[in-house]
Amino acid sequence: MQGKKAHFIGIAGKGMSAVALLLREAGWHISGSDEGFYPPVSDYLKEAGIKFANGYKKENIPADADMIVIGKNAKLVAESNEEVASAFAGGKKIVSFPDVLHELTEKTDNIVVAGSYGKSTCTALLAWCLMQADKDPSYFIGEITKGFEAHAHKGNGNMFVLEGDEYPSANWDATSKFLHYHPHSVLLTSATHDHVNVYPTHEEYLSPFKKLIALLPQNGLLVANAGEEHSFALSKQFAGKTVTYGMTQDAQWYPDKIKYGLRTTFDLMRGAAKITELTTELLGAHNIENIVAVSALLLEKGLLTPQELAAGTASFEGVKRRMELLSSN
């Protein structure tokens, strides 16, 4: 794939920009277009040497592009967007960004984080802990995260951590994005009814999650939230290794002796056994639950030692646009 050229229509979306960065690191030449883009995403692209046009015009598409990636946006349809119309009329290969991730994840050990909430934080924390332990994972995060140079990276290690979205892949492809990602392990935070414009009923919403679990190999791993009824119910559908996490002893992995503060500490438990003490600057019980989820996956897979996990959680700063402490006064 090295040396090929890809053009991204709608490049400044979080998912599109992340995939553009991944392809750039894989040796592709990247161009693109968008409108109404803002830092830090636009800065990430510029820092990577990716030039993109302001506004959509058919002339934006390079004549020698090998592939055109089109985002999932109401404005990116051939009926009203001349650049999209030109792309479809030109005969070049057209894909969605989940299609690109499908190819990038064919040979890696993939961890897919899915659910109605907590995805970005868990994905970022997984990647962060692996990075701090010098595992150099690839990662794809759907939000901007503190401490990271960008929200996507193609590493040299065998692990690929992906935020999985149940939303449709493209304006022409109703397949949920995360079904393209070759999951070897799944962290399922929740399955509370969401995206009612796409999935009018809860049963329709649960359908892609069932398909995701069905994609897991028999030697894969499913980590499910025992404290969220729909996640727990879905976990029963996997015949392979399943472990549960939560805030109470009903789960296999849970926190004990929580001491909230500017730095919160707690004991990480697996059953009756204390595995390690963890500290975090993240606020709220929901973030402790996220940390327990990530800890369960990393330790069950044997990817980190408890000491490496503790170092990672202690230094993780969190995802932007979430609840943050702006002042101690």
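**Close-up 1. The largest pocket of this predicted model and its lining.** The space in the largest pocket comes to about 960 Å³. Its wall is built from 43 residues, and those nearest the centre are Gly13, Lys14, Gly15, Gly142 and Lys177. Which elements give two or more residues to this lining? They are helix α1 and helix α5 (119-132). Sorted by class, the lining residues are 15 nonpolar, 13 polar and 15 charged.

**Close-up 2. Helix α1, one of the contributors to the pocket lining.** Helix α1 runs over residues 14-25, and its 12 residues span 17 Å from the first C-alpha to the last. That is close to the 16 Å expected at 1.5 Å a residue. Is the helix mostly covered or mostly open? It is mostly covered, with 9 of its 12 residues buried. The buried set consists of Gly15, Met16, Ser17, Ala18, Val19, Ala20, Leu21, Leu22 and Leu23. Gly15 thus appears in two views: buried in α1, and among the residues nearest the pocket centre. After the helix comes glycine 27, which has a positive phi, near 105°.

**Close-up 3. An edge-to-face contact between phenylalanine 88 and tryptophan 172.** Searching the whole structure gives 9 aromatic pairs. In one of these, the rings of phenylalanine 88 and tryptophan 172 sit 5.7 Å apart, centre to centre, with 85° between their planes. Phenylalanine 88 belongs to helix α3 (residues 82-89), while tryptophan 172 is in the loop between β10 (168-170) and β11 (173-176), so the contact ties together parts that are 84 residues apart in sequence. Both partners have some access to the outside: phenylalanine 88 is partly exposed at a relative accessible area of 43%, and tryptophan 172 is partly exposed at 38%.

**Close-up 4. An aromatic cluster.** Here you can find four side chains gathered in one aromatic cluster: Trp128, Tyr139, Phe148 and Phe316.

**Close-up 5. The salt bridge between lysine 5 and aspartate 64.** The structure holds 11 salt bridges, and this view shows one whose closest N and O atoms are 2.5 Å apart. Lysine 5 lies in strand β1 (residues 5-9) and aspartate 64 in the loop between β3 (51-54) and β4 (67-70), so the bridge ties together parts that are 59 residues apart in sequence. Lysine 5 is partly exposed, at 30% relative accessible area, and aspartate 64 is also partly exposed, at 42%.

**Close-up 6. The salt bridge between aspartate 109 and lysine 301.** The two side chains meet at 3.4 Å, N to O. Where in the chain do aspartate 109 and lysine 301 lie? Aspartate 109 is in strand β6 (residues 109-114), and lysine 301 is in the loop between α8 (285-300) and α9 (306-315); the pair links distant parts of the chain, 192 residues apart. Aspartate 109 has 18% relative accessibility and counts as buried, whereas lysine 301 is partly exposed at 25%.

**Close-up 7. Further salt bridges, in a pair and in a network.** Glutamate 203 and lysine 210 form a salt bridge, and their closest N and O atoms are 2.6 Å apart. Glutamate 203 is partly exposed, with a relative accessible area of 48%; lysine 210 is partly exposed as well, at 28%. Elsewhere to explore, Lys241, Arg270 and Glu300 are joined in a network of salt bridges.

Technical notes:
Residues numbered from 1 in each chain as written. Predicted model: local features only at pLDDT ≥ 70, side-chain atom pairs only at ≥ 80, totals over all residues. Heavy atoms only, no water. Helix = DSSP H or I, 4+ residues; strand = E, 2+ residues; numbered from the N terminus. Expected span 1.5 Å × (residues − 1). Buried < 20%, exposed > 50% of the residue type's maximum accessible area, 1.4 Å probe, protein only. Phe/Tyr/Trp six-rings, centres within 6.5 Å; stacked < 30°, edge-to-face > 60°. 1 Å grid on protein atoms, 1.4 Å probe; cavity = no way out; pocket = protein on both sides within 12 Å on 5 of 7 lines; lining within 4 Å. Points joined across faces, edges and corners; volume = space filled by probe spheres on them. Nonpolar A, V, L, I, M, F, W, Y, C, P; charged D, E, K, R; others polar. Salt bridge = Lys/Arg side-chain N within 4 Å of Asp/Glu carboxyl O.
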